[in-house]
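Biologist: I'm new to this one, so please pick a single spot with an odd backbone and look at it closely. After that, walk me outward through the rest at an easy pace.

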Amino acid sequence: MVHYIAEDGVELFELIHTYLPPEDRQLVVRAYDFARQHHGDERRMSGELFITHPLTIAYYLAEYQLDAPALAAALLHDVAEDTVVSVEEIRDLFGAEVALLVDGLTKFKVVTTGAAQQPLGPEAVRDATLRKLFWTMTGDVRVGVIKLFDRLHNMRTIDATSLESQRRKAEETLAVYAPLANRLGMWQLKNELEARSLRILDLRAYEAIVARQEQLKHQHQRLYARISPEIAARLTAAGIQPVDIFLSPENVHSIYRQSLQEGRQGSHFSLDDTPRLVVVLRDVSDCYLALGHIHQLWRPVPGKFDDYIANPRDNLYQSLHTTVVHSSGRRVKIRFRTVTMNILSEVGVLARWLRIGRPLWSEELAQRVDALFANIEQSMEVEPADQHSGVQAMMQDVFRDQIMVYTPAGDVKELPKGATPLDFAYAIHSEVGAQCRIALVNDVPTPLNEPLRDGDHVRIIKKGLAPQRIWLDEDLGFLTTNTARAKVRRWFRRMPAADAVAEGQHLLADELRMLGLCDLSPGQMAGWLDFNSPTELYHALGRAEVLPTTLATRVLTETWEQGPHRNVGTVVESEDGERFIIIDASQRTLRLCRKCRPRPNDELIGFSRNKRQVTVHRQGCTVLPMDPLAERSLKLRWGTDEQCEVRVVTVQVDGFDRSGLLYEIAELMRNERINMPAVHADTYEGTATVRLEMEVASPRQLVRVLHRIRALVNVSDVTCMSPQQPSPPPGRNGAL
Ligand code: MN
């Protein structure tokens, strides 16, 4: 681990001698001389000459055989920021390629053009600098790579700076640079950045994890000594030559993150103590063959197999993952990968430059990196003034776990996990998003708010003219990316006032019709939402400043008490007098089991002692009979005071008759935990009418459910029936 390259640069020059041609080496030497001269006697906090910093970064890059312009830019990267030299001067002396890289690495400066120039605060400068860095990187990945090694060197030598600045740098590293390294597949570097940041931010946790890791290492080594010859023997007997078998420890920061998720604090870190073995093989087919042989040798744990060779991860990582039960009874994680994949898993995008006798870089990898850059570029295209855009929103969209989705032309689109067909449509183009009404996912019509999966093929059918306001309601799940939401918001913000009022009025009428509330006065509704007049309300609806669903929820809240209600909650008290509410007990008297003492979040089973009395058990309670009599057990769940009283609502759904529609509605109800006491379905000449009686907990839930049903494929209309409306006459039974 190199922290320091002496100021004469000899170590760097020797290293580049091994792979750069003379004219390229000359460029590097010229850049060194220039930087040396301009940084002069400037020193780092640690007391070393400043030039050692750019020199060390250039050395890091040379270890991965980066080209001469990248090395020159690394040497010059602080010249334009810290000295009087301008980027233009660098362009004149070293050419446009080097100058572009240096510019991307230089802090954002406000170009003073007018007198009214506002000075930017440190936050804004930081954002603008990151923005510039990411922009330049999408055109030239070398900028990102140099920046990451710059940060690595700063983190390695951070002890010399103030504690305050250490914390700030560590936080920024975790928020921006570690995720960037991850997306570029630079795993080794990412791990070091994370570990060093954690050491600064939470020393106690860091030390506890490292100590526990050390302990586990010894334990795992014994197991490794036994298992690896067994694997080697089995594979060799089958004619497969393993290149290497090694133990791969869990990384410090991911243990920390997992522990935080599990709500553990202090020094108790749950270390997954399953050893992880990597088996390196000669080629891809050997990987699959080896997997088959190991599965015959030891039983695989179901659900633990992942094929990241056929479906590489968003950070270029490829491997076959499995977990097996070794004959000693211990679980062992095993990863199978080729030599190339193994190097890639450490260096990621650096494989583009690194030559070790075989090509590491492929067309497929290049395509994936391009998809990442297209994604970053698009996420940053939104107006900078939009408060929901900018670097942070981009980080949220692009640096979450990603999936790869295919266009009909076979192009790859990168989207965050959970993204919908509508997100996809907006990722193609704003217009495609705005006009999107139907999505075919793997040739099957799919609701626009249904999350896509990795590898899906998506075709968008344009039918509409404009986006819909309800897409902005996060609860309905139509859009998950900040970019797409910003685009929809912008569309409505630009709408002329007269059009906004007209559309708002229309929208309101439509929403009220859906709720079955047609006799409310517009003036009254405007008042509920603090508007002075109906026109103001229409305008706000038209501009999407108030969403129709928000309005509907407010209106329903006002009228909620008027409809029929039913009580579904039962109060039960524990021995020590704690009060709980249990849902679905149908008015029977409840008692909590004294043996298993169920607590909220436990899965519940009710067991009826007689018609009126039920005991509530935790699922799996030993008091329950081994073979519980079905008719005497009840599925119960915990509730809150608000869930006790449900409103009984009858909803009519009209649509095109197809198999599966009723199932999809029922699925929706199940996810919302809505009970449906009655369902009636009719079909007539290809159309279906379904009437559902549902027990709804809150106005918000009703609005959500109505819109979610309407989003289902082939549903044309959804309306609430007013309570006094008669049930439909008995009709023909349909295919539903
Ligand atoms: Mn620097």
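Modeller: Leu316 sits in the loop between strand S4 (306–307) and strand S5 (320–325). Keep in mind as you look that this is a predicted model. What makes Leu316 odd is its phi, near 75°, which is a positive value in a residue other than glycine. Is Leu316 buried or exposed? With a relative accessibility of 3%, Leu316 counts as buried, since the cut-off for that label is under 20%.

There's another residue to hold up beside it. Glu685 also has a positive phi without being a glycine, this time near 45°. Its loop runs between strand S20 (675–684) and strand S21 (687–696). Here the surroundings are another story: Glu685 has a relative accessible area of 69%, so it is exposed.

Now step back to the whole chain. Its C-alpha trace spans about 90 × 75 × 55 Å along the principal axes, and its secondary structure adds up to 27 helices and 22 strands. Of the 736 residues, 51% are buried, Leu316 being one of them. If you take contacts between residues at least 6 apart in sequence, 67% of them join residues at least 24 apart.

The manganese ion gives you a nice example of distant parts meeting. Its coordinating atoms come from His53 (NE2), His77 (NE2), Asp78 (OD) and Asp150 (OD), at 2.2 to 2.6 Å. Along the chain, the donors follow the spacing H-x23-H-D-x71-D. Asp78 belongs to the loop between helix H4 (68–76) and H5, while Asp150 is in helix H9, so this pair ties together parts that are 72 residues apart in sequence. Both Asp78 and Asp150 are buried.

Next, the empty space. Rolling a probe the size of a water molecule over the atoms is how you find where space is left. The second largest pocket holds about 1,100 Å³. Its lining counts 34 residues, and nearest its centre lie Lys107, Arg151, Asn154, Lys169 and Glu172. Helices H5 (79–82), H7 (96–105), H8 (122–139), H9 (141–156) and H10 (163–183) are the elements that give two or more residues to that lining. Which of them gives the most? That's H8, with seven residues. Sorted by class, the lining of this pocket has 14 charged, 10 polar and 10 nonpolar residues.

There are also cavities, three of them at 30 Å³ or more. The largest has a volume of about 170 Å³. It is lined by 18 residues, with Asn375, Gln378, Glu414, Leu415 and Ala427 the closest to its centre. At least two lining residues come from each of helix H16 (363–380), strand S8 (412–416), helix H18 (421–428) and helix H20 (482–493). Eight residues of the lining of the largest cavity are nonpolar, five are polar and five are charged.

One last thing, about how far to trust the picture. The mean pLDDT of the chain is 87, with 93% of its residues reaching 70 or more. Over residues 724–736, though, the pLDDT is below 50, even if that stretch has 24 contacts in the model beyond near neighbours in sequence. Where pLDDT is low, predicted coordinates shouldn't be read in detail.

How values were computed:
Residues numbered from 1 in each chain as written. Predicted model: local features only at pLDDT ≥ 70, side-chain atom pairs only at ≥ 80, totals over all residues. Heavy atoms only, no water. 1 Å grid on protein atoms, 1.4 Å probe; cavity = no way out; pocket = protein on both sides within 12 Å on 5 of 7 lines; lining within 4 Å. Points joined across faces, edges and corners; volume = space filled by probe spheres on them. Helix = DSSP H or I, 4+ residues; strand = E, 2+ residues; numbered from the N terminus. Nonpolar A, V, L, I, M, F, W, Y, C, P; charged D, E, K, R; others polar. Donors = N, O, S within 2.8 Å, 3.2 Å for Na, K, Ca; no water. Buried < 20%, exposed > 50% of the residue type's maximum accessible area, 1.4 Å probe, protein only. pLDDT = per-residue confidence, 0-100. Contact = heavy atoms within 4.5 Å.
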